[in-house]
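This report describes the fold, the packing and some local features of one protein chain. The sequence and the structure are shown below.

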Amino acid sequence: MNSQRTIRVTVRGSFDNLSDAQKAELIAAGDQHADILAVAYTPSGHLTYDLAARPFFTFRFAEEVSDERDIPQVTARAEAKAAEWMSSRGYGFKRITSQTVDMSEVPLGPRGRRLQG
């Protein structure tokens, strides 16, 4: 029996060759993307960066799959969505990497075990 699996993909990269206008635009919008306490994994992706401090960005994506064989496609889709977001706005980027976690494989801590049982 297959059950739904929540897959979380964290895509990281570096901004590259941004114009002064693009940097100013990103820094101006930075308040919406810098709050580490508001980080979420979403189907459309949640972007965080602090361009004033460093040239890196992170997207966080979540997707449900019923078969673990679909996980590589989830990772590829997340990377493509991040690249599309950057490209559609004309932002240069480089060194895209990703980390994928199947949440059904993450062990429960003491609180999770209490809630489950």
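Which residue in strand 3 is the bridge partner of L47? In this predicted model, the partner is F59. The sections below place this pair in the sheet, then in the core, and then turn to individual residues.

**Overall architecture**

The protein contains three helices and four strands. Their order along the sequence is β-α-β-β-α-β-α. Of the 117 residues, 30% are buried. Among contacts between residues at least 6 apart in sequence, 67% connect residues at least 24 apart.

**Strand pairing**

Strand 2 and strand 3 form a hairpin, with six residues between them. Strand 1 has pairings with strand 3 and with strand 4. The table lists the pairings together with one bridge from each.

| Strand pair | Sense | Bridges | One bridge pair |
|---|---|---|---|
| Strand 2 and strand 3 | antiparallel | four bridges | L47 and F59 |
| Strand 1 and strand 3 | antiparallel | ten bridges | G13 and F57 |
| Strand 1 and strand 4 | antiparallel | eight bridges | I7 and D102 |

Strand 1 is largely enclosed by the rest of the structure, because eight of its eleven residues are buried. Strand 2 is covered on both faces. On one side of strand 2, H46 and T48 are buried, and on the other side L47 and Y49 are buried.

**The nonpolar core**

The largest nonpolar core has 19 residues, and within this core F15 and F59 touch the most other members. Two or more residues come from each of strand 1 (5-15), strand 2 (46-49), strand 3 (56-65) and helix 2 (71-88). Helix 2 supplies the largest share, five residues.

F59, the bridge partner of L47, has contacts beyond its sequence neighbours. Leaving aside residues up to four places away in sequence, F59 touches V9, T10, V11, H46, L47, A82, W85 and M86. Two of these contacts, H46 and L47, are buried on opposite sides of strand 2.

**The cavity**

The structure holds one cavity of 30 Å³ or more. The largest cavity has a volume of about 40 Å³. Its lining consists of V9, P43, F61, A62, E63, V74, R77, A78 and K81. Strand 3 and helix 2 are the elements that give two or more residues to this lining. Helix 2 gives the most, with four residues.

What classes of residue make up the lining of the largest cavity? Six of the residues are nonpolar, three are charged and none is polar. V9 belongs to this lining, and V9 is also among the residues that F59 touches.

**T75 in helix 2**

T75 is located in helix 2. Is T75 buried or exposed? T75 has a relative accessible area of 14% and therefore counts as buried, the cut-off being under 20%. Not counting residues up to four places away in sequence, T75 touches V9, S98 and T100. V9 thus appears in the contacts of T75 and in the lining of the largest cavity. The C-alpha atoms of T75 and V101 are separated by 9.7 Å, and these two residues are 26 residues apart along the chain.

**Residues with positive phi**

Two residues deserve attention for their backbone angles. N17 is not a glycine, yet its phi is positive, at about 50°. N17 is situated in the loop between strand 1 and helix 1 (20-28). Because its relative accessibility is 71%, and exposed means over 50%, N17 counts as exposed.

R95 is likewise a residue other than glycine with a positive phi, near 50°. R95 lies within strand 4, which covers residues 93-102. Its relative accessible area is 55%, so R95 is exposed. Strand 4, in which R95 lies, is joined to strand 1 by eight bridges.

**Summary of the central elements**

Helix 2 contributes five residues to the largest nonpolar core and four to the lining of the largest cavity. Strand 3 has bridges to strand 2 and to strand 1. It also gives two or more residues to the core and two or more to the cavity lining.

Note on methods
Residues numbered from 1 in each chain as written. Predicted model: local features only at pLDDT ≥ 70, side-chain atom pairs only at ≥ 80, totals over all residues. Heavy atoms only, no water. Core = buried A, V, L, I, M, F, W, Y, C linked by side-chain atoms within 4.5 Å. Buried < 20%, exposed > 50% of the residue type's maximum accessible area, 1.4 Å probe, protein only. Contact = heavy atoms within 4.5 Å. 1 Å grid on protein atoms, 1.4 Å probe; cavity = no way out; pocket = protein on both sides within 12 Å on 5 of 7 lines; lining within 4 Å. Points joined across faces, edges and corners; volume = space filled by probe spheres on them. Nonpolar A, V, L, I, M, F, W, Y, C, P; charged D, E, K, R; others polar. Pairing = 2+ DSSP bridges.
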